[in-house]
Amino acid sequence: MTERCDFIVIGAGAAGSAVAHALSSRGRVAVLERESAPAYHSTGRSAAVLAENYGPVLWQRLSTASRPFFEQPPAGFAEHKLLRPLGALFFATAAETGALEDSARELARRGVAHRLMTPREALALCPVVRIESFALALHEPGCADIDAAALVQGCLKLARRNGATVMLDAGVDAIERGGGQWQVRTRGATLRARVLVNAAGAWCDDIAALAGLKRRGVRPYRRTAITFDPPAGHDSSRWPMTFDVAETWYFKPEGGRIMASPVDKSLSAPCDCQPEELDIAVAADRIQQATTMEVRRIARSWAGLRTFAPDEQPVIGPDPQEPGFIWLAGQGGNGVMAAPAAAELAASLALGEGVPQALRALGIDAAAVAPGRLPAA
Ligand SMILES: Cc1cc2nc3c(=O)[nH]c(=O)nc-3n(C[C@H](O)[C@H](O)[C@H](O)COP(=O)(O)OP(=O)(O)OC[C@H]3O[C@@H](n4cnc5c(N)ncnc54)[C@H](O)[C@@H]3O)c2cc1C
């Protein structure tokens, strides 16, 4: 039997869940997720931080635009707060001070609280960094941990309340177009809708190809994370998330341990991503080089995929070949923190309403995020 709806969303990570919520008050939504639980892939493996100084500039702006949603989600969304205060520190070498000063100017334009300081002053916030090689630091006090599971569950709960259907174990294996409608087949169901939203994360190019459209070169890259015990004699629970501007390491307190990443970016096929032994070793080594911490035993390690367009900016909006096919992709390392605003943007473009005013005010325009700016891959 064929089920009819207005919008089919492929993928139930942060992107698919948030756009399902955004569209559910505007028509009938069906979310199709291949796995037996939402957020199994990238969203469930994220550091889940809202850091407004992080990532390509348009993703940063979408992150800033998402903060009000995280601070004040709709009624009934979650039982507790979505954000937990964390703070962020960025360290620049002498050669990188210009870049960090540019970042400070961009944060000022968006009204994001921040302070440039000497590395020595920054030691008061995080005393374990070896500051000898650094010339400047930036503190972003509003950086926060996001409850990513609550974000996804809250979006799906409110979408269902608005009449959306969420189908799990529902991998999409055929997409056809006819009579102005998409027909999408999973193992157990066939659905028809005028609009299809591609929120398939690492698989977004595959979904375009399945729909007979051109790939846009939006490709997944592996990133590794480890946790280990914090050093004795410090209250690490109060440290900010700490990054080097060159992006070779970051770490933050997490659940009584330290979570760290070697900030790796290795091209991968879309898959159930696992960490490589070498990347785990590099993570531990870089933390020991950059800080006074010793990584005696790795408590946990994992890896996830971050999916980027060639220019690393968002891929949001109608496909140039077929305007009923809406991309919501290329989130890179910002897909959790920017999910609410990116979903609003995708929903608005799907409905033909253009870029919402609040996003235009932040310097987001449709052409800069349009999938059609990317040459067919
Ligand atoms: C180590 C690490 C740290 C990170 N830290 C942060 C951070 O601090 N803050 C931040 O904002 N972001 C962070 N990210 C990035 C963030 O995790 C991603 O940008 C985000 O999760 C992408 O969400 P998504 O919904 O697009 O993808 P996903 O969560 O991967 O969801 C895509 C879904 O589509 C489904 N799907 C694919 N193909 C099909 C099909 N044919 N049929 C049905 N379903 C299908 C998949 O099963 C999957 O569930 C991090 C990532 C990693 C790996």
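Before we start, one definition: Ala, Val, Leu, Ile, Met, Phe, Trp, Tyr, Cys and Pro count as nonpolar, Asp, Glu, Lys and Arg as charged, and the others, Gly among them, as polar. Keep in mind that this is a predicted model.

**Exercise 1. Sort the shell around the ligand by class, and name the residues that come nearest.**

Solution.
- Step 1: With the classes above, the shell divides into 16 nonpolar, 14 polar and six charged residues.
- Step 2: Out of 36 residues around the ligand, the nearest are Glu 33, Thr 43, Val 172, Gly 332 and Met 337.

**Exercise 2. Find backbone atoms that lie close to polar atoms of the ligand, using a cut-off of 3.5 Å for N or O pairs.**

Solution.
- Step 1: Begin with Ala 14, where a polar backbone atom is 3.2 Å from a ligand oxygen.
- Step 2: Go on to Val 172, which has a backbone N or O atom 2.9 Å from a nitrogen atom of the ligand.
- Step 3: Finish with Val 336, whose backbone N or O atom lies 2.9 Å from a ligand oxygen.
- Step 4: Now look at the cover: the ligand taken alone exposes 1,000 Å², and the protein buries 97% of that.
- Step 5: Two elements, α1 (14-24) and β20, each give two or more residues to the shell.

**Exercise 3. Explain why the ligand lies between two domains.**

Solution. Both domain 1 (2-48 + 148-218 + 311-373) and domain 2 (88-141 + 219-308) give residues to the shell around the ligand, so the ligand lies between them.

**Exercise 4. Describe the second largest pocket and its lining.**

Solution.
- Step 1: The volume of this pocket is about 400 Å³.
- Step 2: Among its 25 lining residues, Asn 53, Tyr 54, Gly 55, Gln 60 and Glu 247 are closest to the centre.
- Step 3: Two or more lining residues come from each of α2 (57-71), α3 (97-109), β16 (241-244) and β20 (298-308).
- Step 4: The largest share, five residues, belongs to α3.
- Step 5: By class, the lining has 10 nonpolar, seven polar and eight charged residues.
- Step 6: Domain 1 and domain 2 each supply at least three residues to this lining.

Note on methods: Residues are numbered from 1 along each chain as its sequence is written. This is a predicted model: local features need pLDDT of at least 70, side-chain atom pairs count only at pLDDT 80 or more; totals for chains, interfaces and linings use all residues. Side-chain values use heavy atoms; hydrogens and water are left out. On a 1 Å grid over the protein atoms alone, a cavity is a set of points where a 1.4 Å probe fits but cannot get out, and a pocket is an open set with protein on both sides within 12 Å along at least five of seven lines; lining residues have an atom within 4 Å of a point. Grid points are joined across faces, edges and corners, and a volume is the space filled by probe spheres set on the points. Helices (H or I, at least four residues) and strands (E, at least two) are DSSP runs, numbered from the N terminus. Domain bounds come from an automatic or database domain assignment. A residue is near a molecule or strand if one of its heavy atoms lies within 4 Å of it. A polar contact is a pair of N or O atoms within 3.5 Å; within protein, one must be able to donate a hydrogen and the other to accept it, and residues adjacent in sequence count only if both atoms are side-chain atoms. Accessible areas come from the Shrake-Rupley method with a 1.4 Å probe; for residues, only the protein chains shown count as cover.
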